[in-house]
Amino acid sequence: MTTTPDRRVTLHLSRLLKRPVADRGGGSIGRLADVIVRLRGTDYPLVTGLVAAVGGREIFVPIDQVSTFDGDPLRLSSARLSLRHFERRDGEVLLRADVLGHRLIDVTNARLVRAADLELAQDGEEWVVSRVSTRRRPRRLPGRPA
């Protein structure tokens, strides 16, 4: 967790994944498997929920049931949780499965980049994806050692 000069809290997806998820009493429920966002035109993508791995299955956790998103473990505010298997809905993007490690187009620099990590920021009461970190791998020339 990082706090920017403008007092904005930011988190990195890579540090959130596999973090324990606990009920409001602190009892372990499972681990964070993915973060769900919804695209909103020119606004930053909004975090709408989590996918938690619980007992060998993946379940949906609405973001409004998460009391501390930046804690260790991630704490839920509700004692009720649907244990039905997670099913993706139209318009949802899974940050780990769909973005992390995938190639994206950097429109500004007109090149392909790979998403190395994603930065989530708290914007008021909401969490949004505020930045995609990329790393450009150096090209290897044939016959040259790495």
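**Exercise 1.** State where Ala110 is found, and describe its backbone and its accessibility.

*Solution.* Ala110 is found in the loop that lies between strand E10 (103–106) and strand E11 (111–123), where helices (H or I, at least four residues) and strands (E, at least two) are DSSP runs numbered from the N terminus. The model is predicted, so that local features need pLDDT of at least 70 and side-chain atom pairs count only at pLDDT 80 or more, while totals for chains, interfaces and linings use all residues. Residues are numbered from 1 along each chain as its sequence is written, and side-chain values use heavy atoms, with hydrogens and water left out. Next, the phi of Ala110 is positive, about 50 degrees, although Ala110 is not a glycine. Most residues other than glycine have a negative phi. Finally, Ala110 counts as exposed because its relative accessibility is 68%; buried means under 20% relative accessible area, exposed over 50%, and partly exposed in between (1.4 Å probe, protein chains only).

**Exercise 2.** Carry out the description for Lys18.

*Solution.* Lys18 has its place in the loop between helix H1 (13–16) and strand E3 (20–22). Its phi is near 70 degrees, a positive value in a residue other than glycine. At 65% relative accessibility, Lys18 counts as exposed.

**Exercise 3.** Describe the largest nonpolar core.

*Solution.* A nonpolar core is a set of buried Ala, Val, Leu, Ile, Met, Phe, Trp, Tyr and Cys residues joined through side-chain atoms within 4.5 Å. The largest has 27 residues, and Leu50, Phe69, Leu95 and Leu120 have the most contacts inside it. Strand E5 (residues 43–54) gives the most to this core, with four residues.
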